[in-house]
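Me: I am new to this structure. Please take a close look at how one pair of helices packs, then lead me on to other places worth a look.

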Amino acid sequence: MERTVVIIGGGYGGTLVAKELDADANVILIDPREGFVNAAASLRALTRPDWAPNAFFPYGTLLERGRIIRDRAVSVDPQGVTLASGERVRADYLVLATGSDYSYPAKPHPETTGIAEQLDDLRETHKELSGAARALILGAGPVGLELAGEIKDVWPDKSVIIIDWAAELLAGFLPEVRDNLHRQLNERGIDLRLGTSLTALPPVPAGKTARFAVTTDNDEEIVADIWFRAFGLQINSSYLVDGHLTPLTDHGMIPVTQHLNVRGHDRVYAVGDLADLPDPKMASYAMEHAVIVAANIKAQLAGEMPEAIHIPTSDRRILLPLGTHAGVGQLPTADGPAAATAETVHQRKGTDLFTARFTARFNRGRR
């Protein structure tokens, strides 16, 4: 009898596991959304609405044999999943890949699950941003920096201010990477305020055009026309809080073994942001986890012992575009981490934000 593999979450890791196992098992992918969202492309989708459809991939083109259930998991135990609709889905193997949420526009609003509606949100926010002379971004992590770069790429004359309480950019990365980033931000006229925080969030909704003033902890007043929140990652593990599968960590993550099994369950796995690992919460690590999990489940399906293991790395890597042609990066090499040139960032990410990779995964155009 063919075994059933149930994957909860259709993001970077979940879709890759589903694709890898489609020929070997009865694959069921569960996600409330209509399709995969390439979050790496979301910020460009905001500033270039004609390009925005490139960030979305309907699940219907992902699998040859498997099934998609558009619903939300509300409880999980070793035997299967209970959905918000009340449906019960039995599983021989479970893969938990629900990732994390992040503030819009880096990721869609959680309540907006249809592709057409998600595109409408981006177009509406694009109109708001187009009419704003001064944009304020709260958070100088990769999301805030990329958003600033995308805005300046489309509207070079628009004023962009980034505020962050941290004292330095990209802490833990090579000094030459950070120095290059500061130089490029200065060249683009992006006003960066580090070691600074606001006494209160802006009094108007994020992503809406309305002149407002805020005060920093240094009693400086900043006036802007629109603001965006670029901080606040939230692990998607609410469906596990009932403890029917395993206790969560204090940060809402799942303890896993080196094989990426949920501890105590040899047929339940977790990948990506949900897994309690020291890896950065980045798509590339979720996809590395997915390859390991797919290999281990294939071995189990063949009656063999799973052998693929994940070894967390201390290497810090990043590709951080500032629009279509600029940006900074750091990549691992045999001799240790090395700075990446702007051309490398452009070729490997900035040119299409991984669109080609996911076009191949989703067989776009086949159906």
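Reply: Start with a term. A crossing is right-handed if the near helix is turned clockwise from the far one by less than a right angle. Keep in mind that this model is predicted.

Now the pair. Helix 1 covers residues 12-21, and helix 6 covers residues 283-301. Helix 1 passes helix 6 in a right-handed crossing. Their axes come within 8 Å and cross at roughly 30°. Angles under 35 degrees count as roughly parallel. Helix 1 and helix 6 are therefore roughly parallel to each other.

Which residues meet? Helix 1 brings Tyr12, Gly13, Leu16, Val17, Glu20 and Leu21. Helix 6 answers with Ala283, Ala286, Met287, Ala290, Val291, Val293, Ala294, Ile297 and Lys298. By class, this contact holds 12 nonpolar residues, 1 polar and 2 charged. The charged ones are Glu20 and Lys298. Gly13 counts as polar.

Next, the space inside. How many cavities of 30 Å³ or more does a search of the whole structure find? The search finds 1. The volume of this cavity is about 80 Å³. Around it sit Ser42, Phe56, Gln118, Asp121 and Leu122, together with the run Tyr104, Pro105, Ala106, Lys107, Pro108 and His109. Helix 3 (residues 115-130) gives the largest share of this lining, with 3 residues. The lining divides into 6 nonpolar, 3 polar and 2 charged residues. Lys107 and Asp121 are the charged pair.

Two of these lining residues, Tyr104 and Pro105, also share an unusual link to look at. The peptide bond from tyrosine 104 to proline 105 is cis, with omega near 15°. Proline 105 lies in the loop between strand 10 (100-101) and helix 3.

Then there is an open site. The second largest pocket has a volume of about 190 Å³. Its lining includes Leu138, Gly139, Ile163, Asp164 and Trp165. Thr196, Ser197, Leu198, Leu201 and Phe231 also line this pocket. By class, the count is 6 nonpolar, 3 polar and 1 charged. The charged residue is Asp164.

Two loops remain. One of them runs between strand 12 (159-164) and helix 5 (175-187), and it holds leucine 170. Leucine 170 has a positive phi of about 45°, although it is not a glycine.

The other loop links strand 19 (318-321) and strand 20 (327-333), and threonine 324 is found there. What does threonine 324 touch, beyond residues up to four places away in sequence? Its contacts are Arg44, Arg48, Asp153, His346, Gly350 and Thr351. Histidine 244 is 80 residues from threonine 324 along the chain, and their C-alpha atoms are separated by 46 Å.

Terms used: Residues are numbered from 1 along each chain as its sequence is written. This is a predicted model: local features need pLDDT of at least 70, side-chain atom pairs count only at pLDDT 80 or more; totals for chains, interfaces and linings use all residues. Side-chain values use heavy atoms; hydrogens and water are left out. On a 1 Å grid over the protein atoms alone, a cavity is a set of points where a 1.4 Å probe fits but cannot get out, and a pocket is an open set with protein on both sides within 12 Å along at least five of seven lines; lining residues have an atom within 4 Å of a point. Grid points are joined across faces, edges and corners, and a volume is the space filled by probe spheres set on the points. Helices (H or I, at least four residues) and strands (E, at least two) are DSSP runs, numbered from the N terminus. Axes are lines fitted to C-alpha atoms, for helices over the stretch in contact, and angles run from 0 to 180 degrees between N-to-C directions. Angles under 35 degrees count as roughly parallel, over 145 as roughly antiparallel, 65 to 115 as roughly perpendicular and the rest as oblique. Contact means heavy atoms within 4.5 Å.
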